[in-house]
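Welcome! Let's take a walk through this structure together, one piece at a time.

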Amino acid sequence: MTGFVTCGPNEALVVSGCCHRRPLMVPGGRVFVWPVVQKVQRITLNTMTLTIESPRVYTQQGVPISVTGIAQVKIQGQNADMLRAACEQFLGKSEDEIMNVARETLEGHQRAIMASMTVEEIYKNRKKFSKKVFEVASSDLVDMGFTVVSYTIKDISDEEGYLKALGLARTAEVKRDARIGEAEAKRDALIKEALAEEERMAARYVNDAEIAKAQRDFELKKAAYDVEVFSKKAESDLSYNLQAAKTRQRIKDEQMQVKVVERTQEIQVQEQEIIRKEKELEATVRKPAEAEKFKLEKLAEAHRNKVIMEAEAEAQALRLRGEAEAFAIEEKAKAEAEMMAKKANAYKEYEAAAKVDMVLDSLPKIAAEVAAPLAQCNRVVMISNGNSEVGASKLTGEVLDIITKVHLTVSQLTGGTPLPNVMGASKLTGEVLDIITKVHLTVSQLTGGTPLPNTPASLLTGKPVASK
């Protein structure tokens with residue numbers, strides 16, 4: 001790479017070759033590199049995060065623990081000497097290789113500091129431990145061109161359960177003190193016994209020496225010495241018994257104190273057990289009961305809200321349905337009223353013609369109603385008093401009376417206008433002929449198939465019609 005070469009603030013350029021007695025180091029900038037005669041290399045100035053793991057390191061007390069630390073290190077680019085030292089050792093190496101060297105160095109210092117401290121110091125005063133590792137490692141890494149930005153402890157653990165046992169330290173101390181007190185009491189008793197025995201032997205030796213020394217005048221002073229020896233011996237025995245009694249009393253007092261301490265510890269344990277059972281009952285009985293009560297209250301409230309909302313919805317639906325039905329009835333009534341109004345206007349405009357049209361529309365229904373009773377008869381029996389007509393002529397006369405009445409009724413409905421002159425008279429005549437034909441056929445069937453003297457057309461017009 002020749003010409004102008006640039007690098008960011010997280011890199012440093014190292015130019016070596018012609019024109020430079022010592023390599024030129026440019027942290028974050030640019031430099032001109034002559035082709036062939038000069039060479040440029042790069043070294044990273046990024047901050048590197050290192051995980052320092054030290055498994056099963058024996059502390060000052062001989063307890064193995066594992067410590068994991070996190071360190072932030074970087075090559076110092078602002079200090080020329082440190083940058084030169086880093087270039088001499090790491091130029092051309094990858095970032096992983098540089099991190100591995102720094103990690104191994106920090107791990108060695110971390111293990112050394114762990115070995116010089118107790119577990120309690122490391123566990124309870126992590127800041128002190130981190131400060132020691134930071135200070136010791138910084139002085140060593142500076143020579144390599146590194147700057148330790150920060151160091152903290154991430155985790156402390158052990159496989160022996162020592163850290164867990166620290167919580168029970170007070171109980172262990174009380175038991176230890178009790179055992180030490182008992183041992184010290186036994187030791188003092190043995191010491192006192194030994195001293196008493198020594199005093200007794202010393203007194204005996206003194207007495208024996210005195211007896212030997214005074215052997216020459218033993219005979220003269222034997223009685224006096226005997227009194228003195230027995231007196232001293234009695235005093236010694238009494239003193240020994242007194243001291244032994246005091247020692248036994250002291251031992252009993254120490255044993256009683258140990259029992260008091262043990263009973264106190266048992267009471268504390270029972271109190272803690274009572275508290276634990278109370279909390280357990282509260283967690284297993286009271287809390288679930290409160291939760292169930294809250295659940296039932298919420299369910300009841302939800303059911304009440306549901307019933308209220310359903311009732312409101314049903315009332316709203318009934319109200320809307322009633323409004324819709326009322327609107328439909330109102331619209332239907334308006335339409336029927338409008339239709340009746342239009343019919344009334346039409347009838348008013350056409351007058352007699354409209355009346356005739358209505359009558360003609362109703363004649364088929366009238367004819368059907370007139371013929372209906374005859375259609376339902378199986379047999380017709382006609383009775384005469386001797387002066388009137390009988391048979392088919394009688395029946396025909398009655399039919400003609402009906403037709404005449406129909407003619408008069410139609411004439412009255414059309415305002416007194418004669419039937420032939422009314423609009424639709426031909427239609428009315430056809431309808432009447434249909435009625436007479438139906439009557440004629442019915443009478444023919446009832447009289448056993450005997451034809452009537454005249455056809456329906458001749459009866460209506462008064463002219464005979466040739467039969468076909």
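**A starting point: Gln110**

The side chain of Gln110 reaches the side chain of Ser54 in a polar contact of 2.7 Å. Keep in mind as you look that this is a predicted model. To find Gln110, look in helix 2. Is Gln110 buried or exposed? Its relative accessible area is 0%, so Gln110 counts as buried. Leaving aside residues up to four places away in sequence, Gln110 touches Ile52, Glu53, Ser54, Val67, Gly69, Phe129, Val133 and Tyr151. Two of these names, Phe129 and Val133, will come back when we turn to helix 4.

Let's go there now. Helix 4 runs over residues 126-142, which makes 17 residues. From its first C-alpha to its last, helix 4 reaches 24 Å, close to the 24 Å expected at 1.5 Å a residue. Which residues of helix 4 are buried? They are Phe129, Ser130, Val133, Ala137, Ser138 and Leu141. These buried residues lie on the same side of helix 4, because they cover an arc of only 155° around the axis. Turn to the face that points away from this buried side, and you will meet the exposed residues Lys127 and Lys131.

What do the buried residues of helix 4 pack against? Their partners are helix 2 (95-115), helix 3 (119-124), strand 7 (64-75) and strand 8 (146-157). Helix 2 is familiar by now, as the home of Gln110.

Strand 7 leads us on to its neighbour in the pairing. Strand 6 (residues 48-58) and strand 7 run antiparallel and are joined by 9 bridges. As one example of how they line up, Thr49 stands opposite Gln72 in strand 7. The two strands form a hairpin, with 5 residues between them. In the turn, look for Gly62, which has a positive phi of about 85°.

Our last stop is an open sheet of 3 strands, with the order 3-2-5 and antiparallel pairing. At its edges are strand 3 (24-27) and strand 5 (38-44), each of which pairs on one side only. From one strand to the next, the twist averages 20°. Within this sheet, strand 2 (residues 11-17) pairs with strand 5 in the antiparallel sense over 7 bridges. If you would like a pair to find on the screen, try Gly17, whose bridge partner in strand 5 is Gln38. As a general point, strands of a sheet pair through backbone hydrogen bonds, either parallel or antiparallel.

Definitions and conventions
Residues numbered from 1 in each chain as written. Predicted model: local features only at pLDDT ≥ 70, side-chain atom pairs only at ≥ 80, totals over all residues. Heavy atoms only, no water. Helix = DSSP H or I, 4+ residues; strand = E, 2+ residues; numbered from the N terminus. Expected span 1.5 Å × (residues − 1). Buried < 20%, exposed > 50% of the residue type's maximum accessible area, 1.4 Å probe, protein only. Arc of directions from axis to C-beta. Contact = heavy atoms within 4.5 Å. Pairing = 2+ DSSP bridges. Axes fitted to C-alpha atoms, helices over the stretch in contact; angles between N-to-C directions. Polar contact = N/O pair within 3.5 Å; in protein donor to acceptor, adjacent residues only side chain to side chain.
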